Amino acid sequence: MIDTHTHINTVPLLSDIDNIVSRANKNNVLHMIAVGMNKKANQQGILLSEKYPCIYAAIGLHPSDVNDEQLDIEQLEQQAKHNKVVAIGEIGIDLYWVKDNFVLQKEVFIKQIELALSVDLPVIIHSRNSANEIYDIVENYPSLRGVMHCYSENVELLDKFIDLGFYIGVGGIVTFKNAKEVIEIAKKTPLDRLLVETDAPYLAPVPYRGKTNEPAYTAYTLSKLAEIRGLTIAEMDRITTDNTVRLFTKMNIQKQTSL
Ligand SMILES: [Zn+2]
């Protein structure tokens, strides 16, 4: 299995990183992408990717960090050349926490999309109360590839993101009893566009709901996804692994035969 979206590059997971990685590997999570949000997390993700063969990094400025940090596009461009930096992210728009800086969020998002295109990397997109705004931007970039991470918005827009070529990241919410919308999304997304992720330390799947999430819990989400689609866990693992390798081309890993 591959956890395509985890924040092991920040506390609390970073403080216990050796155990987090070994528990993940013991639970058949053989690769993971440490996703950045700001300079500190980006740098830390790259350091982890250098220390652990199973860790890859994504770098970017998160929409919730644009008020605290200036976008340094030259630095991101430099870091993007690192052989284990596989994506630009997470980037996007978040109109849930802060709305009044929409113009700034949009500008920072667009600059990072253009960076991703220039260095030929996929984007990892964070969307909260902003699926329409994001769609209006990304539809202008037909050659952009990427994932709508932990997508839990608008089911109607799902098809439009799929039509643009986007992948859909499914996280622990799909295991929650009341997660009608995310279950619907997991049902409707074409099999060749599904990715599995934890977004750890957030959004732990059942039976760990409410606790600190970690990459080792990826299997709970994967097995729920398999159940929803009427497949075996091994089949769903193979499908989501193939999808991950197809999207994150720099991961360059052997096809796994885990599980
Ligand atoms: Zn995240």
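## Strand 3 and its surroundings

Let's start in the middle of this predicted model. Strand 3 is covered on both faces: I55, A57 and I59 are buried on one side, and Y56 and A58 are buried on the other. Why the two groups? In a regular strand the side chains alternate between the two faces of the sheet. Five of the five residues of strand 3 are buried, so the rest of the structure largely encloses this strand.

**The sheet around it**

How does the chain get to strand 3 from strand 2? It passes through helix 2 on the way, and this β-α-β crossover is right-handed. Strands of a sheet pair through backbone hydrogen bonds, either parallel or antiparallel. Here are some of the pairings, with one facing pair of residues for each.

| Strands | Bridges and direction | One facing pair |
|---|---|---|
| strand 2 (31–35) and strand 3 (55–59) | four bridges, parallel | M32 and I55 |
| strand 3 (55–59) and strand 4 (85–94) | three bridges, parallel | A58 and A87 |
| strand 4 (85–94) and strand 5 (123–128) | five bridges, parallel | I91 and I125 |

Zoom out, and you'll find an open sheet of eight strands in the order 1-2-3-4-5-6-7-8, with parallel pairing. Which strands stand at the edges? They are strand 1 (2–6) and strand 8 (194–196). Each has a single partner strand, so one side of each is left without a neighbour in the sheet. From one strand to the next, the twist averages 30°.

**A helix with two sides**

Now have a look at helix 3, which covers residues 73–80. Which of its residues are buried? L76, Q79 and A80 are. Those three span an arc of only 100° around the axis, which puts them on the same side of helix 3. The general idea is handy here: an α-helix has 3.6 residues a turn, so residues three or four places apart point the same way. On the face turned away from the buried side, you'll see the exposed residues E74 and Q78.

And what covers the buried residues of helix 3? The cover includes strand 3 and strand 4, along with helix 2 (39–51) and helix 4 (102–118). So strand 3, where we began, turns up again as part of this cover.

**One loop residue**

Finally, find N154 in the loop between strand 6 (146–148) and helix 6 (155–163). N154 has 17 C-beta neighbours inside 10 Å, so it counts as partly exposed; to be buried, a residue would need 20 or more. The C-alpha atom of N154 is separated by 7.0 Å from that of A131, although these residues are 23 apart along the chain.

Key. Residues numbered from 1 in each chain as written. Predicted model: local features only at pLDDT ≥ 70, side-chain atom pairs only at ≥ 80, totals over all residues. Buried ≥ 20, exposed ≤ 12 C-beta atoms within 10 Å, placed from the backbone. Arc of directions from axis to C-beta. Contact = placed C-beta atoms within 7 Å. Pairing = 2+ DSSP bridges. Right-handed = clockwise from strand over helix to strand, strands pointing away. Axes fitted to C-alpha atoms, helices over the stretch in contact; angles between N-to-C directions.
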